[in-house]
Amino acid sequence: MVAKLGIKELRKGLLKGEFTVREIVESYFERIERLNPRINAFITVSRDMAIEQALKFDENPHSIREKPLGGVPIAIKDCLCTQGIKTTCGSKILQNFVPPYDATCVKRLKEAGAIIVGKTNMDEFAMGSSTEHSAFGPTRNPWDIERVPGGSSGGSAAAVASGMVPVALGTDTGGSIRQPASFCGIVGLKPTYGRVSRYGLVAFASSLDQVGPMGKRVDDVAMLLQIIAGRDDFDATSVSIAVDKYCDNLNDRINDMVIGIPKEYFSHKIDPEIQQAIEEAIGIFESIGVKTVQVSLPHTDYGVAAYYIIAPAEASSNLERYDGVKYGLRSNPDKADLTEMYLKTRAEGFGPEVKRRIMLGTYVLSAGYYEAYYKKASQVRALIKQDFDLAFKKCDALITPVTPSPPFKIGEKVDDPLEMYLNDIFTLPASLAGVPGISIPYKLNSSGIPVGFQLIGPHFQESTLLKLAKAFHREIEYNPEIPEL
Amino acid sequence: MENKITIDQVRHIASLARLELANEEEKRIARQLASILEYVEKLNELDTSNVKPMHHAVERTNIFREDVLKQSLEREKVLANAPETDGVFFIVPRVL
């Protein structure tokens with residue numbers, strides 16, 4: 001039974017010779033074949049390449065030991081470039097795009113011995129909170145297939161939660177790792193902006209996008225971060241600050257730490273079971289010696305408004321490159337001129353949410369509106385960051401809900417964009433400030449749906465978040481469940 | 001600020017963004033943009049007259065590297081994803 005395995009157990013079994021890499025990889029593909037038709041977590045499965053890699057390990061078993069992730073299957077969100085494997089970004093405009101190079105994070109994982117089993121479904125260009133805005137159909141939540149898995153990394157979250165793969169990479173621009181991780185009951189970490197290279201990540205909002213790990217256990221997430229973090233010459237915004245030893249530090253003592261409880265995150269209408277779970281979690285942290293303190297982040301409520309100006313503005317500029325010339329779809333049924341080809345290609349290639357955000361972004365950047373919208377939002381962004389700076393003078397991390405409500409039904413919010421955007425209220429501020437956040441699964445609610453919470457830390461303090469998450473799971477003797485499917 | 005978005009405004013923005021929209025899309029987007037823009041009005045509750053805008057999460061200044069020739073992608077690979085090419089150039093429809 002591979003579904004429940006984490007990286008450590010998997011590696012132990014491989015090194016002891018209990019199973020071969022090929023057997024492991026095959027058994028995940030069996031699960032994918034059985035479950036993916038219902039869950040739709042994968043857009044592309046890279047079976048042949050994975051088996052080939054597995055055989056190389058099996059022919060040369062000492063190479064499994066030499067590489068930190070030797071023989072570990074992984075799924076990659078489909079907005080990260082994978083050499084020779086189709087990378088669609090959930091969009092019709094890139095439906096046949098096969099990148100000639102690997103994203104830096106993908107390259108590092110491959111060098112560490114990880115085996116890519118496939119590319120996961122996502123909201124088109126990572127624009128969405130439900131994975132319903134994919135050109136390849138919605139992903140379903142493995143805990144209740146009538147519900148959304150969250151988004152935009154919904155495919156990665158659902159694949160890990162249902163045991164189709166042990167770990168995955170996601171990307172987070174406004175909550176796209178943390179929210180689906182929470183909806184699917186797994187661990188998801190959005191690192192500090194600049195901690196992980198964005199080279200080879202298809203750009204959505206460049207000042208916010210960040211790649212991060214997703215897994216069933218804190219240890220798995222720490223291991224992946226260890227591999228992908230660090231300066232990359234191909235991304236000038238990646239920083240050269242030394243990378244912490246996330247795995248070695250994971251079990252350090254945390255009883256001198258202070259967790260802040262920001263009142264603004266609890267003044268909203270929150271689902272009572274989510275509220276109660278967080279109160280319990282606070283109690284558990286206190287029981288293991290962590291101190292808690294009330295803090296205030298007064299500009300929290302302005303996060304959604306600032307984000308939905310800044311992110312679409314950056315997106316409208318980034319998505320100019322899809323012009324039907326260099327790669328991707330070209331639509332020109334009447335053999336018309338260049339401008340006509342641009343218009344037709346983009347009309348046919350982009351879905352409704354992407355068009356909406358391009359329109360919104362173009363509007364707020366257009367002549368006469370820049371000051372009122374983009375500049376104003378960037379100033380509010382500074383105030384939101386200042387809130388965090390002040391709060392972190394009093395505490396090491398903040399505890400907050402991930403979302404105000406549990407996963408909603410497929411179709412419930414898809415026609416009301418503003419309603420969908422408001423679901424991101426608790427994840428957006430950390431993205432705007434560039435600070436790291438982790439989604440930690442706790443338990444199942446009365447309907448059998450996962451409930452958890454978010455910890456947010458200061459810039460480059462991923463270690464603090466991982467240690468606290470690990471201590472929490474150790475205390476509750478957390479043992480990840482796999483939904484019956 | 002007036003937040004009613006007219007169909008003419010939608011068409012103007014769409015042409016700036018090189019997006020062709022169907023009639024019903026124009027109407028829907030006009031309505032949805034108006035509601036989103038009404039919501040973001042919220043930002044005007046805050047006095048930001050003395051706040052420096054923030055454009056980067058982590059402050060960075062120019063990053064330089066040595067200007068040396070490095071291996072880049074081969075032409076064949078770069079052109080492999082192009083909708084139309086003659087093997088040397090990208091081919092586009094007539095411009096004028």
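**Notebook: the contact of chain A with chain B**

I looked up the interface first: chain A and chain B bury about 5,500 Å² between them, 68% of it on carbon and sulfur atoms, where buried area is the accessible area (1.4 Å probe) that two parts lose on being put together, summed over both. On the side of chain A, I noted that Tyr302(A), Met359(A) and Tyr363(A) lose the most area to chain B, together 13% of what that side buries.

I kept in mind that this is a predicted model, in which local features need pLDDT of at least 70 and side-chain atom pairs count only at pLDDT 80 or more, while totals for chains, interfaces and linings use all residues. Residues are numbered from 1 along each chain as its sequence is written, chains are lettered from A and ligands numbered from 1 in the order in which they are written, and side-chain values use heavy atoms, with hydrogens and water left out.

Next I looked up who takes part, and found 73 residues from chain A and 52 residues from chain B in the contact (heavy atoms within 4.5 Å).

I then turned to charged pairs, of which the rule finds 3 salt bridges across the interface of chain A and chain B (a side-chain nitrogen of Lys or Arg within 4 Å of a carboxyl oxygen of Asp or Glu). One that I looked up joins Glu25(B) to Lys355(A), with the closest N and O atoms 3.0 Å apart.

Last, I looked inside chain A, where the side chains of Glu348(A) and Lys92(A) meet in a salt bridge at 3.3 Å, N to O.
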